[in-house]
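Here are my comments on the model you sent, set out as numbered points so that each can be checked against the coordinates.

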Amino acid sequence: MHSRTVFFVSDGTGITAETQFELVPRRVRLPFVDTEDKAHQAVRQINHTAELEGKKPVVFTTLVNMEVLKVIQEGCKGMLLDMFGTFVHPLEEELGIKSHHRVGRFSDVSRSKEYTDRIEAINFSLAHDDGQSHRDLAGADVILVGVSRSGKTPTSLYLAMQHGLKAANYPLIPEDFDRRQLPPALMEFRKKIFGLTISPERLSEIRSERRPESRYASLQNCRHEVAEAEAMMRRAGIRWLSTTTKSIEEIATTILQELQPDRLIY
């Protein structure tokens, strides 16, 4: 049973506020509260929850429109925490400048170069997923290598979506192990390569979900592939890490720190 309801009230998606906290209580996101009428509806929902639970809900807001925010401030019976008022306004006073006060991350995506670059990066990463294409690898910011199911695809897409980086990924396969070399198409881009490995036990579990009782998923085969892949990465002198106990965010952060691509989007 949750102990407290937490509302995230925003005139955008509400993701900015919600992703800042890992909260066990019941979470309610109220997005696109961009008119006074919607603000009154939000207040009624928050106050109804307060009456039902007998406790003040915690209410985080990222509202840009001051008239909409005023409705929440005056009518809300929850513990109200205005993210912009708490952090942005004091910074404005200290720095002597005004913030953009935009709704959401992009005020007009059709005119945002950052947004366009992000979409291009996602398309690039999808086209270069799992070694599908060798085209335009010179344009890649990052090239991930590792055995099948070691986390290359989700990491590539995260780097593209979150940081706007063009990330290709290539599986290391038995033919590569026989040659004892990285895939030939990647050799000239070694500085962009980052390796991912994983414990054989965890790899076997993941593969068994996809192809149970197969040689592909057997612990013996997973041990062989992981050992060969790690040996290859050592010989090639490329940086690598184990994804066994790491989140996608941790993996991506390590890659960015190690490779330091020329262009980053946060």
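The points below concern a predicted model, and they go from the sheet to the helices.

1. The sheet is an open one, built from four strands in the order 2-1-3-4 with parallel pairing. Strand 2 (26-30) and strand 4 (79-82) stand at its edges, and because each has a single partner strand, one side of each is left without a neighbour in the sheet. From one strand to the next, the twist averages 20 degrees.

2. Within this sheet, strand 1 (residues 5-10) pairs with strand 3 (residues 58-62) through five bridges, in the parallel sense. For anyone wishing to find the register by eye, V6 stands opposite V58 in strand 3.

3. Helix 2 (residues 36-53) packs on the sheet, where it touches strand 1, strand 2 and strand 3, and its direction makes about 175 degrees with that of strand 1. Helix 3 (residues 66-75), in turn, lies across strand 1, strand 3 and strand 4, and runs at about 155 degrees to strand 4.

4. Later in the chain, the axes of helix 6 (residues 152-163) and helix 10 (residues 248-259) come within 10 Å and cross at roughly 75 degrees, which means that helix 6 is roughly perpendicular to helix 10.

5. Which residues make up the contact of helix 6 with helix 10? From helix 6, P154, T155, Y158, L159 and H163 meet I248, E249, I251, A252, I255 and L256 in helix 10. Sorted by class, this contact has eight nonpolar residues, two polar and one charged.

Notes: Residues numbered from 1 in each chain as written. Predicted model: local features only at pLDDT ≥ 70, side-chain atom pairs only at ≥ 80, totals over all residues. Heavy atoms only, no water. Pairing = 2+ DSSP bridges. Helix = DSSP H or I, 4+ residues; strand = E, 2+ residues; numbered from the N terminus. Axes fitted to C-alpha atoms, helices over the stretch in contact; angles between N-to-C directions. Contact = heavy atoms within 4.5 Å. Parallel < 35°, antiparallel > 145°, perpendicular 65-115°, else oblique. Nonpolar A, V, L, I, M, F, W, Y, C, P; charged D, E, K, R; others polar.
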